[in-house]
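Colleague: I would like a close look at one part of this model. Pick a helix and take me through its surroundings.

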Amino acid sequence: MISKIPELFDDLFIGGNIARRARVAARLPASVTPIIRKSKFRRLMRYLNEKSPFYRRRFKEEGIDVRGVRDPADLGTFFTTAQDLRENPVEEFLCARPELGFETTGTTSTTNKRVYFS
């Protein structure tokens with residue numbers, strides 16, 4: 001339960017307000033930053049596992065149980081490659097329905113690039 005304190009603090013007192021987040025961050029003791037960073041990383045891993053078909057599949061293939069991932073070192077040699085991005089549909093990486101998207105055509109590649117925002 002004590003490991004949930006940084007998440008609760010973030011959810012209840014900081015939230016998504018960028019200005020408030022900047023003010024709070026400027027006043028936090030340096031010793032608190034790594035605790036919040038690790039908590040946010042754990043939350044991100046759980047979110048990816050729950051929402052992204054690509055990452056859920058890759059974690060399973062690599063034998064990674066996200067419940068045990070505490071920091072990037074726990075992922076070992078796992079990383080997303082350019083080949084992963086080329087060979088998998090973009091929808092495999094999305095965690096939510098994008099609010100905005102556009103496609104680029106002015107690149108040296110023969111394949112158009114899509115960018116999504118939420």
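Modeller: Here is a walk around helix α4, from its two faces to its neighbours.

First, the ground rules. This is a predicted model, where local features need pLDDT of at least 70, side-chain atom pairs count only at pLDDT 80 or more, and totals for chains, interfaces and linings use all residues. Residues are numbered from 1 along each chain as its sequence is written, and side-chain values use heavy atoms, with hydrogens and water left out.

The protein chain has five helices and two strands. Helices (H or I, at least four residues) and strands (E, at least two) are DSSP runs, numbered from the N terminus. The order from the N terminus is α-α-α-α-α-β-β. Buried residues (under 20% relative accessible area, 1.4 Å probe, protein chains only) make up 20% of the 118 residues.

Now α4 itself. Helix α4 spans residues 53–62, and Phe54, Tyr55, Arg58 and Phe59 are buried there. Seen down the axis of α4, these buried residues fall within an arc of 125°, so they line one face of the helix. The arc is taken from the directions from the helix axis to the C-beta atoms. An α-helix has 3.6 residues a turn, so residues three or four places apart point the same way. The face turned away from the buried side carries Lys60 and Glu61, both exposed (over 50% relative accessible area). After α4 comes Gly63, with a positive phi near 70°.

What covers the buried residues? The cover includes α3 (33–51) and α5. Take α3 first. Helices α3 and α4 pack at an angle of about 105°, with their axes 6 Å apart. Axes are lines fitted to C-alpha atoms, for helices over the stretch in contact, and angles run from 0 to 180 degrees between N-to-C directions. That makes α3 roughly perpendicular to α4 (65 to 115 degrees). From α3, Met45, Leu48, Asn49, Glu50 and Lys51 meet Pro53, Tyr55, Arg56 and Phe59 of α4. Contact means heavy atoms within 4.5 Å.

Next, the loop after α5. Asn88 lies between α5 (82–87) and β1 (100–104). Asn88 touches Phe54, Arg57 and Phe93, leaving aside residues up to four places away in sequence. The side chains of Asn88 and Arg57 also make a polar contact at 3.1 Å. A polar contact is a pair of N or O atoms within 3.5 Å; within protein, one must be able to donate a hydrogen and the other to accept it, and residues adjacent in sequence count only if both atoms are side-chain atoms.

How values were computed. Angles under 35 degrees count as roughly parallel, over 145 as roughly antiparallel, 65 to 115 as roughly perpendicular and the rest as oblique.
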